[in-house]
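Work through the exercises below with the sequence and the model side by side. Each task is followed by a solution that proceeds step by step.

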Amino acid sequence: MNRFLIPGALLALALVYPLLVQSLPVYERLGALVLLGAIGASAWNIVGGYAGQVSVGHAVFFGFGAYSSVVVYTHLGWPPIAGAPLGMALSVLLAAVIGVPTLRLSGHYFSMATIAVGELVRVLSSTSEFLGGAQGLGGPAIPRTVFDLSFLSAMPFYYIFLVVLSLLLLLTWIIERGRMGFYLRAIKDSERAARSLGVSAGRYKLYAYMLSGAFAALAGSLYLCMFGFVDPDSGFGILISVKMVVMAALGGAGQLFGPLVGALILVPLEELSNSLLGGQGAGLTFVVYGAIIVIIARFLPSGLLSLLNRRKVNRVD
Amino acid sequence: MSLILVQVIVSGLLLGAVYALFSSGLTLIWGMMNVVNFAHGDFVMLGMYSAVMVWTALGGGPFAAVPVAAMLIATLGVLSYFMLVRHIMKGPMLAQILGTFGLALFLRYAAFWYFGANFKTLPDTLVGGSFVFMGLRFEGSRVLAGAMGLGITLLLHFILTRTAIGSRMLAVSEDATAAQLMGIRPQRMQALAWGMAGAATGIAGALIANFFYTSPTVGETLAILAFVTVSFGGFGSVLGALVAGLIIGVVESLSAYLIGPVYKDVIVYILFVLVLWFRPQGLMGKT
């Protein structure tokens with residue numbers, strides 16, 4: 001019972017959060033952005049955290065999701081959210097295409113290869129007329145039906161993102177406790193040892209990569225629904241990939257709530273200080289942002305959640 | 001072969017030598033302590049700003065800027081080693097990405113805050129404009145950058161493979177404990193590696209600034225190029241970075257000329273993925 005206490009309390013707090021900050025739309029928006037960041041980072045966490053395959057190219061999937069959503073609007077007139085399943089399906093296929101050659105690489109080489117693939121896709125997207133080239137594409141400017149998900153406040157998005165994040169974390173939790181979770185952790189610790197014990201490492205890494213890609217695509221689709229616009233940099237830019245890695249690593253990679261903790265810290269830091277200091281201080285904001293990341297990496301190399309786990313080790317149940 | 005094609009290949013080689021130089025620092029660190037420095041591009045960016053500062057504040061050309069940039073960025077490298085890298089290199093790979101990326105953001109936005117977002121360029125005439133040699137047109141700044149890039153990369157390779165200090169550094173990279181038992185101080189060697197890498201990177205930046213715009217975010221583009229060059233050449237191999245840099249330079253200029261400037265990066269990335277497919281350890285990497 002104890003095990004469900006903290007997640008349950010978190011969920012309850014998350015459910016009432018918009019009521020607590022009702023008078024301030026800024027905080028509703030902030031809440032939605034935190035959840036969106038957590039969805040992306042949790043998606044990355046499946047392959048990057050649990051399986052230890054540090055992809056720095058997940059923007060490929062994020063961008064595929066965002067572009068799928070906008071393309072079904074511009075070319076077919078459908079509501080953007082209808083593109084989400086398409087983006088997820090395409091991302092699973094794409095993950096297989098990228099994963100088969102790159103997952104053979106180990107350590108830094110895999111990361112570098114994913115960076116290169118990400119940049120390749122970004123450059124290609126900026127030359128594609130179908131995708132709007134370097135200018136990008138916009139979703140519906142005026143909502144036609146409720147399915148266009150154009151809302152005056154960020155609150156509906158907040159709840160949509162909360163549902164998606166809860167489902168994603170539930171799925172991750174099921175994986176974590178099941179056979180696949182043990183396989184992935186074994187691969188992370190030592191791929192050779194895992195193989196020698198009969199784990200099909202290649203196949204399970206690919207499964208994790210495909211699943212991770214599908215949810216990163218969903219994050220992209222949701223991003224497009226909220227912001228209504230995507231261009232090569234906001235869809236496929238390397239910063240999108242790096243942010244997923246940094247959020248997960250900051251909170252604690254390979255842990256269920258690690259990405260959420262990372263998002264809870266990084267997103268408000270970015271958003272609030274930007275709005276407080278305005279355009280002028282923007283540079284200085286990110287100097288502080290960078291310094292905080294450096295300090296956490298220096299003193300808590302396994303992420304913030306390692307603070308809690310350190311205590312847990314000492315306790316004898 | 002038409003003269004234009006020769007011209008394209010020669011300018012590709014000159015550019016490639018610069019790629020080699022700014023990648024050699026990254027490969028040195030990567031090979032010696034298995035750390036990928038995500039702030040590498042921002043080290044280059046600060047090298048470029050050093051050249052801009054030397055010109056605007058002192059009116060000095062590249063021959064003044066090169067030593068200044070080398071010293072400044074070498075200091076930055078050694079400081080980064082002692083204050084950050086030393087502590088995170090034993091940790092998980094993610095901690096290295098987190099730490100060096102945080103450093104990258106810190107440096108990038110410190111530059112943004114201090115120098116402003118505007119692009120800065122150095123005057124063309126600083127390095128003797130352009131000249132014609134054997135029917136080929138050369139820009140002085142690019143010839144200087146290419147020649148110095150080639151020279152310093154080879155010098156770095158020579159230091160690492162043919163001198164006592166290079167052997168000591170190699171010993172630390174192979175087995176730090178064993179090296180320590182032989183009377184080598186690992187931390188000193190690793191700090192030295194960061195200093196050397198920083199100097200090479202700073203020089204590369206100071207040379208690039210003569211023909212490339214300088215802005216706080218230029219490091220991002222350059223870092224990706226350096227990552228590709230280093231993985232292409234094989235980690236830890238300065239010679240590999242040189243060969244990979246030259247190949248990438250030539251492939252870039254040829255594809256920009258034959259297919260179109262937009263596709264030059266596409267071709268380079270495809271080539272890179274192919275190399276990783278057939279030779280995952282890179283051209284000259286150890287297995």
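**Exercise 1. Describe the contact between chain A and chain B: how many residues does each chain give, and which elements of chain B take part?**

Step 1: The contact takes 36 residues from chain B and 37 residues from chain A, where two residues are in contact if their C-beta atoms, placed from the backbone, lie within 7 Å.
Step 2: On the side of chain B that touches chain A, the elements giving two or more residues are helix 3 (62-88), helix 4 (93-115), helix 9 (218-233) and helix 11 (264-278); helices (H or I, at least four residues) and strands (E, at least two) are DSSP runs numbered from the N terminus.
Step 3: Helix 4 of chain B supplies the largest share of this side, 15 residues.
Step 4: By residue type, this side of chain B divides into 29 nonpolar, five polar and two charged residues, with Ala, Val, Leu, Ile, Met, Phe, Trp, Tyr, Cys and Pro counted as nonpolar, Asp, Glu, Lys and Arg as charged, and the others, Gly among them, as polar.

Before going on, note that this is a predicted model, in which local features need pLDDT of at least 70 and side-chain atom pairs count only at pLDDT 80 or more, while totals for chains, interfaces and linings use all residues. Residues are numbered from 1 along each chain as its sequence is written, and chains are lettered from A and ligands numbered from 1 in the order in which they are written.

**Exercise 2. Follow helix 1 of chain B and find where it bends.**

Step 1: Helix 1 of chain B covers residues 3-33 and reaches 45 Å from its first C-alpha to its last, close to the 45 Å expected, the expected span being 1.5 Å times one less than the number of residues.
Step 2: A bend of about 35 degrees falls at B:S23, taken as the angle between axes fitted to the seven residues ending there and the seven starting there.
Step 3: Of the 31 residues of helix 1 of chain B, 23 are buried, that is, they have 20 or more other C-beta atoms within 10 Å (exposed means 12 or fewer, partly exposed in between, with C-beta atoms placed from the backbone).
Step 4: After the helix comes B:N34, whose phi is positive, near 55 degrees.

**Exercise 3. Is A:L206 buried, exposed or partly exposed, and which residues does A:L206 touch?**

Step 1: A:L206 lies in helix 9 (residues 201-227) of chain A.
Step 2: A:L206 is partly exposed because 19 other C-beta atoms lie within 10 Å.
Step 3: Not counting residues up to four places away in sequence, A:L206 touches A:A96, A:G99, A:V100 and A:L103.
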